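Thanks for coming, everyone. I'll walk you through one structure today. Let's put it on the screen.

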Amino acid sequence: MNILRKKLNSGVVIFDGAMGTELYKRNFFVNNSYEQLNLTRPAVITEIHKAYLSAGAEVLTANTFNANARNLRRYGIAGDLEAINRAGVSLAREAAGGKALVAGSVGPVGEPESDGDTRTRSDIISEQLKGLVEADFVIFESMRPFEDLQGVLEAV
């Protein structure tokens, strides 16, 4: 039986809170890629994870919500996709120090740009998942369009 299932079967599991809200409170605004901070400001990300752990979180969620090629492309950093996702998991794992599980986070794929990108949602999600392989599990968050959900099922 896996660790998450065991925890869920024994009662309530406490997850951390919103990474984006905490970054905004630290004066990182939405014109920045919060996920790029895994590479450029790792100490800030680790500090937030440690604060959630101290508050009682049993699961730390990697800072990877928008770290797919389509979303990262808006900031000109799609080439760093795998490094950003791997760093997100690594920072959460480091902060957890064996005291919490680490979840990879996959958010909405976003709409295609008008530049001829023909990749499917499934391909985009699969590409992000490759960078999250070291997480204990992956959560899919805020998937509103049915196409995103269908892409998740195909990718997994």
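**A walk from the inside out**

T64 has a relative accessibility of 0%, so it counts as buried. Before I go further: this is a predicted model. Now back to T64. Where does T64 sit? It is in the loop between β1 and α5; β1 covers 59–61. So a loop residue can be buried here, because the cut-off for buried is under 20% relative accessible area and T64 is at 0%.

What does T64 touch, leaving out residues up to four places away in sequence? The contacts are E35, N38, I84, N85, G88, G104, S105, Q128 and L132. Take N85 from that list. The C-alpha atoms of T64 and N85 are separated by 5.8 Å. Along the chain, T64 and N85 are 21 residues apart.

Next, the nonpolar core. In soluble globular proteins, nonpolar side chains tend to be buried together. Here the largest nonpolar core has 30 residues. Which of them touch the most other members? They are L23, L60 and I125. Several elements each supply at least two residues of this core: α2 (19–25), α4 (42–54), α6 (81–96), β2 (101–106), α7 (121–130) and α8 (146–155). Another core lies apart from it, with 7 residues. L4, L101, A103 and F137 are among them.

Let's stay with I125. Not counting residues up to four places away in sequence, I125 touches V106, V109, F140, D148, G151, V152 and A155.

I125 is also one of the buried residues of α7. The others on that list are R121, S122, I124, Q128 and L129. Where do these buried residues lie around the helix? They cover an arc of only 165° around the axis, which puts them on the same side of α7. What do they pack against? The partners are α5 (69–73), α6, β2, β3 and α8. Remember Q128: T64 touches Q128 as well.

On to charges. How many salt bridges does the structure hold? There are 7. I'll show you three.

Start with K25 and E22. They form a salt bridge, and the closest N and O atoms are 3.1 Å apart. Both are in helix α2, 3 residues apart, so about one helical turn separates them. An α-helix has 3.6 residues a turn, so residues three or four places apart point the same way. Is each partner buried or exposed? K25 is exposed, with a relative accessible area of 57%. E22 counts as buried, at 16%.

Second, R26 and E47. Their closest N and O atoms are 3.2 Å apart in a salt bridge. R26 lies in the loop between α2 and α3, and E47 lies in helix α4, so the pair ties together parts that are 21 residues apart in sequence. R26 is partly exposed at 27% relative accessibility. E47 is partly exposed too, at 45%.

Third, R93 and D136. Their side chains meet in a salt bridge, 3.1 Å from N to O. This pair links distant parts of the chain. R93 is in helix α6, D136 is in the loop between α7 and β3 (137–140), and they are 43 residues apart. R93 is partly exposed at 32%, and D136 is partly exposed at 39%.

Which residues end up in one network? E22, K25, R26 and E47 are joined by salt bridges that share partners.

Now the surface. Y24, F29 and V30 make a nonpolar patch of about 320 Å². V30 lies in the loop between α2 and α3 (37–40). V30 is exposed, with a relative accessible area of 66%.

Last stop: backbone angles. N27 is found in that loop between α2 and α3. Phi of N27 is near 70°, a positive value in a residue other than glycine. N27 is exposed, at 56% relative accessible area. S142 has a positive phi as well, about 55°, although it is not a glycine. Where is S142? It is in the loop between β3 and α8. S142 counts as partly exposed, at 40% relative accessibility.

To recap the stretch between α2 and α3: R26 is in that loop, N27 is in that loop, and V30 is in that loop. That's my tour.

Terms used. Residues are numbered from 1 along each chain as its sequence is written. This is a predicted model: local features need pLDDT of at least 70, side-chain atom pairs count only at pLDDT 80 or more; totals for chains, interfaces and linings use all residues. Side-chain values use heavy atoms; hydrogens and water are left out. A nonpolar core is a set of buried Ala, Val, Leu, Ile, Met, Phe, Trp, Tyr and Cys residues joined through side-chain atoms within 4.5 Å. Buried means under 20% relative accessible area, exposed over 50%, partly exposed in between (1.4 Å probe, protein chains only). Helices (H or I, at least four residues) and strands (E, at least two) are DSSP runs, numbered from the N terminus. Contact means heavy atoms within 4.5 Å. Patches are made of residues with over 30% relative accessible area and no salt bridge: like charges are joined within 9 Å, nonpolar side chains (Val, Leu, Ile, Met, Phe, Trp, Tyr) within 5 Å. Accessible areas come from the Shrake-Rupley method with a 1.4 Å probe; for residues, only the protein chains shown count as cover. A salt bridge is a side-chain nitrogen of Lys or Arg within 4 Å of a carboxyl oxygen of Asp or Glu. The arc is that of the directions from the helix axis to the C-beta atoms.
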